[in-house]
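Here are a few notes to help you find your way around this structure. Keep the 3D view open while you read, and take the points one at a time.

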Amino acid sequence: MTSTLSRPAPPPAAPPAAPVRAPVEPWPWAVTGAVLFAVLAAATSLNGVGGPWTWLGPGLGTVFPVLLAMAAARSLRAGGVATASVGVLALVGMLTAQFLGSSSFLGVVPGPGTVPEIQRLLAEAEETVVSSVVPVLPGDGIMLVICAALGLIAIVVDLFATTLAMPAAGGAGLLGILVAPAIVKPDGVGLSAFVATALGYLLVLALAQWRENRRASGGARASSGFAGRGVIIGAAALSATLILPLMIPGFTSGAFPQGSRLNVWGNATGLNPAVTLGNDLRNPTGFGRITYSTSSDSPLYLRAVTLEDFSGRRWEPDQRLGDREPDVAEMGTEQGVGGDVPGTEVFTRVSTQSYASPWLLSPYAPEGVTGLSGSWEWDPLNLSVLATDGGPTPRQDYLVRSREPERTREGLGRTSPAGPDAVSAVFLSRPEDPPEIIRTTAEDVAGRYRNPYDKALAIQNHLRGPDFVYSEQAPVDGGYDGTGLDVMAEFLEVRSGYCVHYAGTMAVMARAAGIPSRVAVGYTPGSPTGNTREGPGGLELTEFVVDSRNAHAWPELYFEGVGWVRFEPTPSRGVVPEYAQQTFTPSAQQRDDLDSLDPGNAIPGAPGEQTPAAEPSPSAEATPPSGEQSGSRALPGVLTAAGLVLVALIPPPLRSARPGSRRRAPETAGGGPGGRGSATTAWAETTEIAGDSGAPLQAPDPPRTFEHRLARQAGLAEAQAGSMARLRAAYEYEEYAEHTPAMQGPGGGSGSTAALARPALRARWDDVDAVRSALRSSSSWPVRFRARFLPRSLVNRFPTDSR
Amino acid sequence: MDVQHNTAEPLQDQRRAAADPEVPGADFHRISTRILDAVNTVIDGKPEAGRLALTVLLAQGHLLLEDVPGVGKTMLAKTLARTIDCTVNRIQFTPDLLPSDVTGVSIFNQDSRRFEFRPGPVFANIVIGDEINRASAKTQSSLLECMEEHQVTVDGRTHALGEPFMVVATQNPIEMEGTYPLPEAQRDRFMARISMGYPDARAEAAMLETHQSVSPLEAVRPVASAGDIAAMLRQVRGVYVAPAVKEYTVAIGRATREHPRLRLGASPRSLLHLLRAAKAGAALEGRDFVLPDDVANISDAVLAHRLLLDRKAASAGETASSIVQDILDRVPVAREGQRR
């Protein structure tokens with residue numbers, strides 16, 4: 001260095017250009033990293049769909065290599081199509097490696113056995129989707145679907161963000177990840193996942209914008225940019241999500257109880273009626289009206305299907321399609337039940353009307369069904385009747401001949417534990433590692449009894465005890481709605497749920513106690529219509545009506561020598577059979593007396609049954625002042641207040657963020673050819689400030705007219721009027737003067753046009769600040785308040801940039 | 001050039017020296033300021049009128065001064081003419097004035113035995129047509145051909161007029177008997193119309209004081225040469241008009257045509273005049289680009305005399321000026337930022 005070099009060395013940010021190869025740009029990698037973050041952030045919404053974080057390993061193992069491959073391809077100057085192809089290939093490879101390794105070449109190339117394997121996994125995924133309430137078990141099938149979706153969305157978002165330079169559009173992909181959890185999760189996406197997704201999206205936008213700024217020569221363009229727009233869109237969406245439930249009554253209760261949660265599987269009971277049973281119960285307007293007339297003089301439960309398969313750690317109907325018998329007119333007896341069961345023959349005529357289900361409703365135990373249209377089969381294992389094609393079959397009018405078994409307390413009391421081969425093993429199977437609480441509760445409740453009937457009664461009465469509260473909403477709110485084993489465990493913990501939980505839990509505990517069990521799904525007796533119909537042989541049949549509000553689930557337990565016996569563990573629902581009524585304790589007796597009303601008495605209050613609080617149920621009354629209820633009363637108020645505060649807090653940072661981004665705009669009045677420089681931005685800011693202070697720029701206002709009006713209205717002092725005039729002059733120059741490459745800046749130029757003087761024009765943010773403080777001090781406090789919390793400029797923006 | 005320097009007075013040398021051709025921008029400002037100062041010494045309390053007149057001169061238009069007698073119409077025209085070192089002729093229009101009295105005639109020269117053209121008073125840089133509505137339609141139209149074409153055709157021969165060329169016509173809107181009001185087509189030839197209006201009390205008192213002994217008009221000396229004016233005209237022509245300003249001008253024109261209370265809106269020529277006047281106005285403000293304000297400020301002067309109100313608006317006491325203001329209050333200002 002010589003002493004003549006007094007100027008400091010140039011900053012390293014400006015290296016001498018033109019090496020042989022262009023330097024590697026870090027920005028595409030950064031954007032891709034942001035995409036990875038955003039996709040994973042959106043995927044956190046999957047936490048309630050499967051087990052917590054079960055998606056992380058496979059998801060990361062899919063998305064990361066895919067994005068890495070795409071970024072690498074891009075750094076090798078691959079084109080857009082090539083990059084996308086690389087991404088897809090990487091996705092196929094990673095999915096093969098993770099899920100289809102056994103049938104592939106080299107672990108990553110799909111082989112001939114891959115297709116059937118995929119079909120098997122997809123079938124498994126479909127079954128999981130159809131038969132489960134979230135959270136589902138993270139099986140391979142569902143994981144394959146999740147990983148494939150995440151990978152594809154990552155490819156799409158990355159293409160939008162980098163190749164197509166439309167990062168904002170990539171938000172749709174992220175939204176796609178949120179859709180599934182929003183539909184299936186009882187509590188929607190969840191705030192944390194939403195915020196994480198929004199942060200990821202903003203990160204993508206921000207990095208993409210910085211990349212664009214880097215690319216633009218000299219960064220001459222002032223732009224509020226992707227990030228600013230993203231913030232506004234995000235804030236609007238957040239406000240909507242917060243405000244909507246607060247503003248629309250019944251969004252979380254009433255006629256649309258699931259809020260944004262869609263019931264995509266419809267009202268048909270489908271393969272697993274228990275999945276939708278809760279929704280039916282929560283719907284205050286009964287639908288799917290069914291009438292039946294029966295010769296029975298005791299209340300009839302209409303049974304559609306039984307859930308006995310617990311191999312998947314949740315109650316499911318057994319898919320034994322091959323074992324079904326075709327002749328439903330003369331059905332045989334059930335397996336494990338003797339040929340001549342004592343009991344009374346009952347005729348029941350059922351009109352299903354609009355009710356559509358592949359399962360036929362019949363009282364237990366059916367012996368023959370006539371008058372059916374279509375083809376039907378019955379299952380000798382549980383006497384359920386199923387349409388052969390499995391499709392829903394509305395508008396059936398049929399006659400069921402059934403036998404109502406005679407059960408007596410004494411007869412049941414004489415039963416001994418069922419032998420291992422008495423019934424199919426499916427009725428006893430249970431997971432090897434049930435949750436601790438199920439095992440211990442079963443042990444505590446039933447362990448001291450030896451007789452299976454006593455055990456069953458103990459379990460039933462435990463569940464009907466004062467500790468348990470009937471609630472159709474609590475499982476939804478608590479996220480344990482469904483028939484899974486974990487749900488049962490949670491139910492025992494929380495002690496609040498509805499029939500599916502009571503029945504499922506009793507069936508599980510019965511199995512834990514060695515009693516074969518299954519869960520029947522159908523309808524409680526309903527209410528009499530007052531009409532009678534004529535049955536076979538001139539028999540007078542009393543007509544009843546049921547609808548979705550009578551949907552019910554109950555356990556059936558098997559006792560050797562007796563057969564399948566219905567219990568009613570659900571408080572305030574249905575009718576406790578005489579043989580199952582409790583005689584042990586006075587309090588229990590009282591409860592049971594109330595519950596064992598005959599249908600004629602119990603059902604007139606059927607609509608009221610939806611709300612446990614309205615039910616004169618001692619179990620509900622005995623519950624200590626429920627935190628849930630008082631909390632739920634206070635909750636809307638708290639939420640409203642929180643929502644309002646949040647909404648009020650959104651505009652100020654948005655409003656104050658804008659001048660920040662504007663000030664960072666390059667300070668080049670006039671910019672380049674066609675460039676929008678700082679003067680326009682400063683003027684835009686000034687007009688918006690004025691608008692917020694109640695003196696908006698009108699469309700027919702030329703700048704000077706506006707300036708004079710503002711000065712008059714706000715009584716600007718001379719200094720501030722000077723600031724205003726400088727801002728206006730700079731803006732006029734930038735907006736309306738000629739900017740050709742030959743005329744770079746004030747005073748320059750050529751030809752006769754330049755002969756006229758040009759004012760020295762440079763917008764100064766000091767002037768903006770001066771005008772702002774003058775306007776603030778001259779406006780009244782309501783105007784100031786509005787300018788701060790509901791600024792007009794949030795919607796009425798001065799269009800500084802028309803890109 | 002067939003121009004008569006009949007009122008020429010020599011310019012002073014030091015003023016010529018000050019007109020440095022290297023810095024014409026500064027010169028433009030200085031000369032225009034001097035002209036306006038000179039006009040204002042004669043016409044008390046009406047600076048806008050003088051400014052508008054100069055604007056029209058620089059925009060190469062013609063000016064119609066319309067007002068009651070005795071408010072200084074002719075005085076304004078004369079003062080403006082005298083500040084410029086150029087030829088000025090005045091024509092007093094009367095009903096018996098013939099077209100040849102304006103344009104000139106061909107006279108047979110006995111000596112040369114051929115017809116020679118003797119230019120009429122229209123051959124001057126500034127022509128003052130006093131009480132133009134008193135002349136017959138035929139004579140009016142002969143003047144108007146000169147205004148539009150900047151040339152005179154006599155006996156099949158065309159004679160060009162000099163530059164600058166400006167007609168300042170006055171007419172009296174009150175005394176209508178025995179007059180021939182200008183038809184719309186001819187009013188459209190005038191770039192702008194100015195109504196002088198009465199001066200305020202202070203200005204009127206000052207006027208009585210200054211005009212008592214000697215006419216201040218006599219004291220006015222030319223402050224710009226015809227060459228200066230020609231150079232200024234070139235500069236005005238070079239003033240930049242952004243596309244957004246053109247859009248704004250067009251929007252104003254369309255608004256007049258669609259206005260429910262107007263029978264006749266602004267012609268395309270009037271929009272041309274409007275933009276040219278706006279350019280001159282911008283140049284007078286020292287800018288080389290036109291602002292929407294320039295257009296808006298001059299709209300009334302340029303457009304109002306061409307608009308015809310429908311009967312209802314006229315009977316309701318509305319004026320063309322109030323409708324122009326109404327249009328300006330409604331037409332949005334176009335911006336370059338919106339166009340890009």
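**Notes for a first look**

1. A good place to begin is a helix pair in chain B of this predicted model. From α3(B), the residues R51(B), L54(B), T55(B), V56(B) and L58(B) meet A277(B), A280(B), G281(B), A283(B) and L284(B) of α12(B). Sorted by class, this contact holds 7 nonpolar, 2 polar and 1 charged residues.

2. How do these two helices sit against each other? Helix α3 of chain B covers residues 47–58 and helix α12 of chain B covers residues 268–284; they pack at an angle of about 115°, and their axes are 8 Å apart. The crossing of α3(B) with α12(B) is right-handed.

3. Now turn to chain A, where the secondary structure amounts to 25 helices and 17 strands. Chain A has 803 residues, of which 45% count as buried. If you look at contacts in chain A between residues at least 6 apart in sequence, 74% of them join residues at least 24 apart.

4. Next, please find the open sheet of 5 strands in chain A. Its order is β6-β4-β13-β16-β17, with antiparallel pairing. Why do β6 and β17 of chain A each have one side without a neighbour in the sheet? Both β6 (362–363) and β17 (563–566) of chain A stand at the edges with a single partner strand each, so one side of each is left free of a sheet neighbour.

5. At the β6(A) edge, the pairing is with strand β4 of chain A, residues 302–307; the two are antiparallel and share 2 bridges. To spot this pairing on screen, look for R303(A), whose bridge partner in β6(A) is S362(A).

6. A helix also belongs in this picture. Helix α15 of chain A, residues 499–512, lies across β13 (517–523) and β16 (551–559) of chain A. Relative to β16(A), helix α15 of chain A runs at about 15°.

7. Finally, have a look at β5 of chain A, which pairs with β3(A) and with β10(A). Strand β3 (residues 290–294) and strand β5 (residues 343–351) of chain A run antiparallel and are joined by 4 bridges. Here S293(A) stands opposite R349(A) in β5(A).

8. How many bridges join β5(A) to strand β10 of chain A? There are 9 bridges between β5(A) and β10(A), the latter spanning residues 397–405, and these strands run antiparallel. One pair to look for is S351(A) with its bridge partner D397(A) in β10(A).

Methods
Residues are numbered from 1 along each chain as its sequence is written. Chains are lettered from A and ligands numbered from 1 in the order in which they are written. This is a predicted model: local features need pLDDT of at least 70, side-chain atom pairs count only at pLDDT 80 or more; totals for chains, interfaces and linings use all residues. Axes are lines fitted to C-alpha atoms, for helices over the stretch in contact, and angles run from 0 to 180 degrees between N-to-C directions. A crossing is left-handed if the near helix is turned anticlockwise from the far one by less than a right angle, and right-handed if clockwise. Two residues are in contact if their C-beta atoms, placed from the backbone, lie within 7 Å. Ala, Val, Leu, Ile, Met, Phe, Trp, Tyr, Cys and Pro count as nonpolar, Asp, Glu, Lys and Arg as charged, and the others, Gly among them, as polar. A residue is buried if 20 or more other C-beta atoms lie within 10 Å of its own, exposed if 12 or fewer, and partly exposed in between; C-beta atoms are placed from the backbone. Two strands pair if DSSP finds at least two bridges between them.
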